[in-house]
Amino acid sequence: MKREIVKVCLLLICSVAVGFASDGVHADILAKTTQSWDGSILEKYPKGQPEITIMRITVPPRTDLVWHEHPVINAGVLISGKLTVVTDKSDTLYLSAGDPIVEVVNTWHYGRNEEDE
């Protein structure tokens, strides 16, 4: 029964996507990957109820975020400005407005806004 419901949902999603394409609506896939930005394979999700949180984070000019790590998969898109992300191994990612990021998992890192906006 659950498989049939999933099949129906997938068919509905596909038909909606085709409808968008025919109406001139365009969707861009910004990121679709099994790896974080440093090339590490993403950790398998643990059993249990997943929870997704979408946040808007504003980093003031000339500000460093604190060192932190993510125990689960985390992704985002930089809406404006520029951001530099640095790991404890000195791997560095430079993001500009519109760039997606699939965060590193269980790796210490921080973000830095080196700009004036």
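This note goes through the largest pocket, the strands around β6 and the salt bridges of a predicted model.

1. On the largest pocket: its volume comes to about 1,200 Å³, and its lining is made up of 35 residues. Those that lie nearest the centre of this pocket are Met55, Ile57, Ala75, Gly76 and Val77. Sorted by class, the lining holds 19 nonpolar, 11 polar and 5 charged residues.

2. On the strands that line this pocket: at least two lining residues come from each of β2 (75-77), β3 (82-87) and β6 (109-113). Of the contributions to the lining, that of β6 is the most, at 4 residues.

3. On the setting of β6: because 4 of the 5 residues of this strand are buried, β6 is largely enclosed by the rest of the structure. The strand that supplies the most residues to the lining of the largest pocket is thus also one with 4 of its 5 residues buried.

4. On the pairing of β6 with its partners: strand β1, residues 63-64, runs antiparallel to β6 and is joined to it by 2 bridges, and in that pairing Thr63 has Asn113 of β6 as its bridge partner. Strand β3 also pairs with β6 in the antiparallel sense, here over 4 bridges, and Val86 is found opposite Tyr110 of β6.

5. On Thr87, a residue of strand β3: is this residue buried or exposed? Its relative accessible area is 2%, and since the limit for a buried residue is under 20%, Thr87 counts as buried. Leaving aside residues up to four places away in sequence, Thr87 touches Trp37, Trp67, Thr107, Trp108 and His109.

6. On the salt bridges as a group: the count under the rule applied here comes to 3. As general background, side chains of opposite charge can pair when their charged atoms come close.

7. On the pair of Arg62 and Asp116: these two residues form a salt bridge in which the closest N and O atoms are 3.2 Å apart. The link is between distant parts of the chain, with Arg62 in the loop between α1 (2-22) and β1, Asp116 in the segment after β6, and the two positions 54 residues apart. Both Arg62 and Asp116 are exposed.

8. On the pair of Arg112 and Asp64: a salt bridge joins these residues, with 3.2 Å between the closest N and O atoms. Arg112 belongs to strand β6 and Asp64 to strand β1, so this pair ties together parts that are 48 residues apart in sequence. The strands β1 and β6 are also joined by 2 bridges in an antiparallel arrangement, and the salt bridge between Arg112 and Asp64 may be read alongside that pairing.

9. On Glu114 and the network: which residue, besides Asp64, meets Arg112 in a salt bridge? The side chain of Glu114 does, at 3.1 Å from N to O. Through salt bridges that share partners, Asp64, Arg112 and Glu114 are joined into one network.

10. On the accessibility of that network: Arg112 counts as partly exposed because its relative accessibility is 24%, and Asp64, at 44%, counts as partly exposed too. Glu114 likewise counts as partly exposed, with a relative accessibility of 33%. The residues of the other salt bridge, Arg62 and Asp116, are exposed.

Technical notes
Residues numbered from 1 in each chain as written. Predicted model: local features only at pLDDT ≥ 70, side-chain atom pairs only at ≥ 80, totals over all residues. Heavy atoms only, no water. 1 Å grid on protein atoms, 1.4 Å probe; cavity = no way out; pocket = protein on both sides within 12 Å on 5 of 7 lines; lining within 4 Å. Points joined across faces, edges and corners; volume = space filled by probe spheres on them. Nonpolar A, V, L, I, M, F, W, Y, C, P; charged D, E, K, R; others polar. Buried < 20%, exposed > 50% of the residue type's maximum accessible area, 1.4 Å probe, protein only. Pairing = 2+ DSSP bridges. Contact = heavy atoms within 4.5 Å. Salt bridge = Lys/Arg side-chain N within 4 Å of Asp/Glu carboxyl O.
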